[in-house]
Amino acid sequence: ATLATFGSLNVDPLLFILVFGESQINDAVAITLFRTLNSHSVQNPFDLIGTMAVVLFGSIGVGFGLATLFLLILRFLHMGTSGESLAPAIMMIFVSCFFTFQVGEAMGLSGIIAVLFNSILMGAYCPTHLTPEGMALASYLLKQMSSLADTAIFLMSGVMGVFVVVSQGSGLTFGLMQSLYCLLGRFCAVVPLGLISNGIKHLVGRRLPKERELTIGGSHLFMMWHSGLRGGVSLVLVMELGDWVDVIEGKGTKENMVNGTFVLVVLYLLCFGSTTSFFLKVLGIPYGDKVPDGQTLYDKNDQSGWAWRTLKFFRKRFVHPVLVGPAPSKCKTEDQPMTEVIRHAEEDRGATDSEATISGGRPRRRKAAVRAFTSHRLSNLMAIFGSTDPTHNCAWQDIMGDMRRGSREQHTTDDDEQDDDDDDDSDEDSLHSDSSSDAGEDSRKAGGVRLAD
């Protein structure tokens, strides 16, 4: 819910990536800890740590492994590049989410973590195996189905929360106290880790000056704390509690915890979800039309650290050849029917709306109208496709650019080696010619001596 709100508001890229990264890591760590503690006692900490490692890294391995399998199917069967097989490719991508979850759960691991890392790899490399039209359709399907699932979960949470409050059922007091404890715990986690992160940025800033510009300020820390606990992961975990809760704490404890979690989710959604834009404005964090379209954290001229260079080398040398294959000779520039229709419709409506809204106003008002129109368009794209780039053209260009640069570097290396061989051959030829000329000169001198004699 937080990421959806930030995406629709087009918040500052630094804040978005901080909350996004934190949510991914938080979910993985929380699920791993819960699964381990829910099924094992804490009497043997070494077994506990071993089980946590198996659940976490096993789920990550399942997610990446199945994503590799799905991408290889798309690559070798050419499912997403021809119009006849476009629908099966999109449906395979959609069904792969449920298949990955079930495989992870059947293996005693975490299906949520498996799907999370599966989607990271699929989201990066699916654009290379789908046409722009197919990628836009797949983005639309996944976004709308996820929105439907989110709506169902939050609707259920709202109904149950109201039922608990009105009937003064069990869990109301627990839910209110739990909300305060979670806020306190989140503050104790966000602030120290943010300060540690700033310290690391200050140290590496001597070699990477850009990192000092991206320090986490107090306003960003507040918004990270403000994002709170709003997702459905907590509901899933509390419903998976074992019977040991009622055995140790007394009958009805699990029901109290489930009802309290419903109250917590509803309370956080009402209090924090409805005040996001207010606090962004108060804290001066840019969002909406104040964030330029296409703004990124890093530029191409910024220096990168050794970890990023290592990952990029591994990606270029090993991942791209397997998941993508050889780079195409030319870009996918042909227009697809749906993409062309959308582009023309947006141009026509954009021109009409801009003329109706902007014409006749003062220059300052015209600029404000243009910014508002751009912000509204980005918000609509996020709501429909879950991304401001529905065809994922940026990801496709990034991968293809790396592959073409690698191909040029390889050709350059081969040409240099060929030039070296040619130089060696020419050196040898020159040596032979020099020796031949020296020998001819000697023979001519010898002949002259003999003739003189």
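Let's start with C126: leaving aside residues up to four places away in sequence, C126 touches L71, L74, I93 and M135. Keep in mind that this is a predicted model.

C126 also belongs to the largest nonpolar core, which has 24 residues. Together with L71, L74, M122, Y125 and L130, C126 is among those that touch the most other members. Helix 3, helix 4, helix 5, helix 6 and helix 14 (306–323) each chip in at least two residues of this core. Helix 3 gives the largest share, with 6 residues. Apart from this core sits another one of 19 residues, including F34, L116, L183 and F262.

Here are the two cores side by side:

| Core | Residues in core | Some members |
|---|---|---|
| Largest nonpolar core | 24 residues | L71, L74, M122, Y125, C126, L130 |
| Another core | 19 residues | F34, L116, L183, F262 |

Now for helix 4, one of the suppliers of the largest core. Helix 4 runs over residues 86–106, so to speak 21 residues in a row, and reaches 30 Å from its first C-alpha to its last, close to the 30 Å expected at 1.5 Å a residue. There's a bend of about 30° at S96, and S96 is also buried. The other buried residues of helix 4 are L86, A89, I90, M92, I93, F94, T100 and G104; of these, I93 is one of the contacts of C126.

What do the buried residues of helix 4 pack against? They pack against helix 3 (45–77), helix 5 (111–125) and helix 6 (132–166). After helix 4 comes G108, with a positive phi near 75°.

Conventions: Residues are numbered from 1 along each chain as its sequence is written. This is a predicted model: local features need pLDDT of at least 70, side-chain atom pairs count only at pLDDT 80 or more; totals for chains, interfaces and linings use all residues. Side-chain values use heavy atoms; hydrogens and water are left out. Helices (H or I, at least four residues) and strands (E, at least two) are DSSP runs, numbered from the N terminus. The expected span of a helix is 1.5 Å times one less than its number of residues. The bend at a residue is the angle between axes fitted to the seven residues ending there and the seven starting there. Buried means under 20% relative accessible area, exposed over 50%, partly exposed in between (1.4 Å probe, protein chains only). Contact means heavy atoms within 4.5 Å. A nonpolar core is a set of buried Ala, Val, Leu, Ile, Met, Phe, Trp, Tyr and Cys residues joined through side-chain atoms within 4.5 Å.
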